[in-house]
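The exercises below are meant to be worked with the sequence and the model side by side. Please try each task before reading its solution.

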Amino acid sequence: MDKLRIMSVFGTRPEAIKMCPLVQELGARPEIESLCCVTAQHRQMLDSVMEVFGMKADWDLDIMAPRQTLSHITSKCLTGMDEAIDALKPDMILVHGDTSTTFAGALSAFYHQVPVGHVEAGLRTYDKYSPFPEEMNRKLVSSIADLFFCPTVSNQKNLEKENITQGVFITGNTVIDALKTTVRKDYVFATEELNRLPYDEKKIILVTCHRRENYGEPMKNIMLALRQIAECHEDVELVYPVHLSPVVRECVDQYLRGTPRVHLIDPLPADEMHNLMARCYMVMTDSGGLQEEAPALGKPVLVLRRETERPEAVAAGTVKLAGVVQDDIVTMAERLICDPEAYAKMAHAVNPYGDGNACKRIADAILWHFGRGDRPDDFVI
């Protein structure tokens, strides 16, 4: 029997972190030929993740351009995917999450009448402009996909509300699988500044902030809050790997650069980021992935957004919404800094995102779909 040709498509750093373990799991199955197509929506940050996992793409669209627009990303992905699909002839295309690469990859697969599997399906805020453009990307992909790999039960219920009930699996999140391979107690950072941080003497807070919907006044408020926290608490140091977006860098330079006890560094490879997260005190972020990763490592997360498409983390107590108002952010951060009981309650909450076997469940589900195995059991907490 011929091997199934399963092509995974991704283009950003967060996608790569979550998809590389899956590409490797698929490649370990004798029934599957695992193919990898990258769009390079984020060139440098994507490449660093691929290097960590020792992976090379079978097809590289290399679309990234300075100050690229959403229209540029989508159109270049669609055009490039035509050639990739014609050349590699996949039996199924896997896309991840909610990026412009995700939407364009799924749409291109549909145009070629290739089945689509959606990894990390079913996340919703029900506000089409927040996160932007991710909320609409994932909803549009749901209209195209044939298989839906939901991290949690609440994601599955979101799809059920939209009358999507066939081909739905609860798998856990593949990012937990990734952490099993990257985090080590004896890890030595290539970024020397991280080796010198006083992890045992001070409370190291890991910060990320880059989302489009935070551009402008919200990002300014976040930067001012971070500066206030650093200036008012001598026992705290902030580490902020600054996104390569010129908009983000300009805001950071204006409001945060030069602040005592704030370390502004370049974006980190996946392994360095995961190990920094494992050693830090807490995380403040507008990222989606960190809301899943940090709780797996016992780190409280304050989300620098108005809402989250990961409400199960809020319900579990591993994540709190801090919003984008300076005083609110400072108040919530200071409670975790100063109140050991509040900190312990979040740090010891059960992570709802998986047991590290999401990739195995997804591979089993694909084989089941093609009549080559049994349907896998759903992930349950």
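**Exercise 1: the cysteines**

C338 is exposed, since its relative accessible area is 54%, where exposed means over 50%, buried under 20% and partly exposed in between, with a 1.4 Å probe and protein chains only. The model is a predicted one, in which local features need pLDDT of at least 70 and side-chain atom pairs count only at pLDDT 80 or more, whereas totals for chains, interfaces and linings use all residues. Residues are numbered from 1 along each chain as its sequence is written, and side-chain values use heavy atoms, with hydrogens and water left out.

Task: find why the sulfur of C232 makes no bond to the closest cysteine sulfur.

Solution. Begin with the criterion, by which a disulfide is a pair of cysteine sulfur atoms within 2.5 Å. The cysteine sulfur closest to that of C232 belongs to C338 and lies 10 Å away, which is too far for a bond. A search of the whole structure accordingly ends with zero disulfides.

**Exercise 2: helix α4**

Task: compare the expected span of helix α4 with the distance between its end C-alpha atoms, and state what covers its buried residues.

Solution. Helices are DSSP runs of H or I with at least four residues, strands are runs of E with at least two, and both are numbered from the N terminus. The expected span is 1.5 Å times one less than the number of residues, so the 12 residues of α4 (residues 100-111) should span 16 Å, and the end C-alpha atoms are indeed 16 Å apart. Next, consider the surroundings: 10 of the 12 residues of α4 are buried, among them F103 and L107, and the elements covering the buried residues include β1 (4-10), α1 (13-27) and α5 (134-144). Finally, inspect the ends, where a side-chain oxygen of T99 comes within 3.3 Å of the backbone nitrogen of T101 at the start of α4, while Q113, just after α4, has a positive phi of about 55°.

**Exercise 3: the sheet**

Task: establish in which order the seven strands are arranged and which strands stand at the edges.

Solution. Two strands pair if DSSP finds at least two bridges between them. The seven strands form an open sheet with parallel pairing, in the order β3-β2-β1-β4-β5-β6-β7. β3 (59-60) and β7 (168-170) each have a single partner strand, so one side of each is left without a neighbour in the sheet. Within the sheet, β1 and β2 (residues 32-38) pair in the parallel sense over seven bridges, and R5 has E33 of β2 as its bridge partner.

Note on methods
Contact = heavy atoms within 4.5 Å. Polar contact = N/O pair within 3.5 Å; in protein donor to acceptor, adjacent residues only side chain to side chain.
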